[in-house]
Amino acid sequence: MSPLNDRADRAGHATIARSDTGGAAEAVHDLDRLILLGIAADLHRRTRLRDGAAHEPGAVADDLGAARRHRWIAGHWLDALRAAGLASRDADGHYQDLHGPRRAELAAARTRMEAARVALGYPAELAQLMLRSLRLLPALLRDEIGVQALLYPDGEPATAEAVYRDNLINRYLNAAAAEVLRDQAERATRPLRILELGAGIGATTADLLPVLAARPVEFYLFTDLSPFFLDTARRRFDFGFLRYALLDIARDLPHQPKELDLVVAATMAHNAPHVGRLLDQVAALLAPGGRVLLIETVREHPQSLTSMPFALSTEDGPPRRLDGRAGTTRTYLSREEWLCALEAAGLRVEADLPRHGDPLAALSQRLFVATR
């Protein structure tokens, strides 16, 4: 790939050097399995699918009492259950043969989940999130409780930190990202200009800012759609070069009066209605030699099925996609789609991590770095 790819990979692995990643694939499978079995048990208990006959997703959504904007989730779940061999679908798109897990099977899955979250370096908050989301499925579907209440119980970020920061894959990716920024700073001939899109709780920001502490920085613009995250970041971070702004990437990016050296988008660029259009806009903001740094999930794992779809629902149902995901309920682009989209935007890919064969690749979260 490139010297930067090697340098970032070494930095990422140095951060988790004392951890055994060999069992990552099995651990991911166990986390996925718990959620799949939990959803199957809920549908078997509360819908007509327990009769063994074929039913359309809309009828299942009726049985669940799903709010209008969440009705699409029933079909999304059923497709995931079918892919896992826990249900079948006929030629008319009706589902049947739903597996009804027994208590012993669910108990065993919970036990394996606990071992899996430890193996992947997740704190106890992740297990609490997964189990709580399964218990609250009826209320989530009826829109009586929002997914933000799961990720930020009592307004505290500990659960979100468990998901987005305090685990092996995010420690690896954030350390690799910090190394990319370090390389960019070493090459700079003027104070750096950086834009972070959808920075959220600052899970990646927290590892990037220390790299800049003793370096000339013109500005680091921390943006998000929510004032909550901007206010949280103002209290959390104390760097004089930090600026803050509300920004919705579904609309046009702000026109920057000066060319940017780095645009950071950690676990959020997939939210753009059209990823290619977003990358075109980002490329237009970069100075020659400027970089875009993406951290992205490249496959929807079942373990997110009881949280992410609820966060994505719009007033009219599933999120509106205008790129290759149009007409589907896909959330994420594949690795290959991201590489093609970056190149189509006129950006040269310099880093694509974890490497092929790295056990961490089983988590389907990746770092992409591309240069104008």
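How many of the six residues of β8 are buried? Five of the six are, so β8 is largely enclosed by the rest of the structure. Buried means under 20% relative accessible area, exposed means over 50%, and partly exposed lies in between, all with a 1.4 Å probe and protein chains only. Strand names such as β8 come from DSSP: helices are runs of H or I with at least four residues, strands are runs of E with at least two, and both are numbered from the N terminus.

This is a predicted model, in which local features need pLDDT of at least 70, side-chain atom pairs count only at pLDDT 80 or more, and totals for chains, interfaces and linings use all residues. Residues are numbered from 1 along each chain as its sequence is written, and side-chain values use heavy atoms, with hydrogens and water left out.

Stay with β8. This strand pairs with β9 in the antiparallel sense, over five bridges. Two strands count as paired if DSSP finds at least two bridges between them. Within this pair, D352 stands opposite F368 in β9. In a regular strand the side chains alternate between the two faces of the sheet.

Now follow the chain out of β8. The strand spans 348-353, β9 spans 365-371, and P354 sits in the loop between them. A cis peptide bond joins L353 to P354, with omega at about 5°. The same loop between β8 and β9 holds S364. S364 is not a glycine, yet its phi is positive, near 60°. S364 is also buried, at 9% relative accessibility. Most residues other than glycine have a negative phi, and most peptide bonds are trans. T267 is another residue to look at: its phi is positive, about 55°, although T267 is not a glycine. Find T267 in the loop between β6 (260-266) and α13 (275-285).

Which residues does N5 contact, apart from its neighbours within four places in sequence? They are E350, A351, D352, L353 and R355. Contact means heavy atoms within 4.5 Å. N5 itself is part of helix α1 (residues 3-15). Its relative accessible area is 2%, so N5 is buried.

Next, look at β4 and β5. Strand β4 covers residues 217-224, strand β5 covers residues 242-246, and the two pair in the parallel sense over five bridges. One of the residues to find here is T223, whose bridge partner in β5 is A245. Helix α12 (residues 227-236) joins β4 and β5 in a right-handed β-α-β unit. Right-handed has a precise meaning: with the strands pointing away from the viewer, the path from the first strand over the helix to the second runs clockwise.

Strand β3 (residues 192-197) contains I194. At 0% relative accessibility, I194 is buried. Leaving out residues up to four places away in sequence, I194 touches L181, L212, F219, Y220, L221, L260, L262 and V264. L36 is another matter: I194 and L36 are 158 residues apart in sequence and 40 Å apart in space, C-alpha to C-alpha.

Move on to G202, in the loop between β3 and α11 (205-208). G202 is buried too, at 0% relative accessibility. Not counting residues up to four places away in sequence, G202 touches F222, R236 and F237. G202 and T232 are 30 residues apart along the chain, and their C-alpha atoms are separated by 8.9 Å.

Now for the helices. Helix α10 (residues 168-187) has 20 residues and reaches 29 Å from its first C-alpha to its last, close to the expected 28 Å. That expected span is 1.5 Å times one less than the number of residues. Is α10 enclosed or open? Of its 20 residues, 16 are buried, so α10 is largely enclosed by the rest of the structure. Helix α2 (residues 24-46) includes A41. A41 is buried at 12% relative accessibility. Beyond residues up to four places away in sequence, A41 touches P101 and L106.

Finish with an open space. The second largest pocket holds about 430 Å³. A pocket is found on a 1 Å grid over the protein atoms alone, as an open set of points with protein on both sides within 12 Å along at least five of seven lines; lining residues have an atom within 4 Å of a point. Grid points are joined across faces, edges and corners, and the volume is the space filled by probe spheres set on them. The lining of this pocket has 19 residues, and H76, D79, A80, A83 and E300 lie nearest its centre. Helix α4 (residues 72-83) gives the largest share of the lining, five residues.

Technical notes. 1 Å grid on protein atoms, 1.4 Å probe; cavity = no way out; pocket = protein on both sides within 12 Å on 5 of 7 lines; lining within 4 Å.
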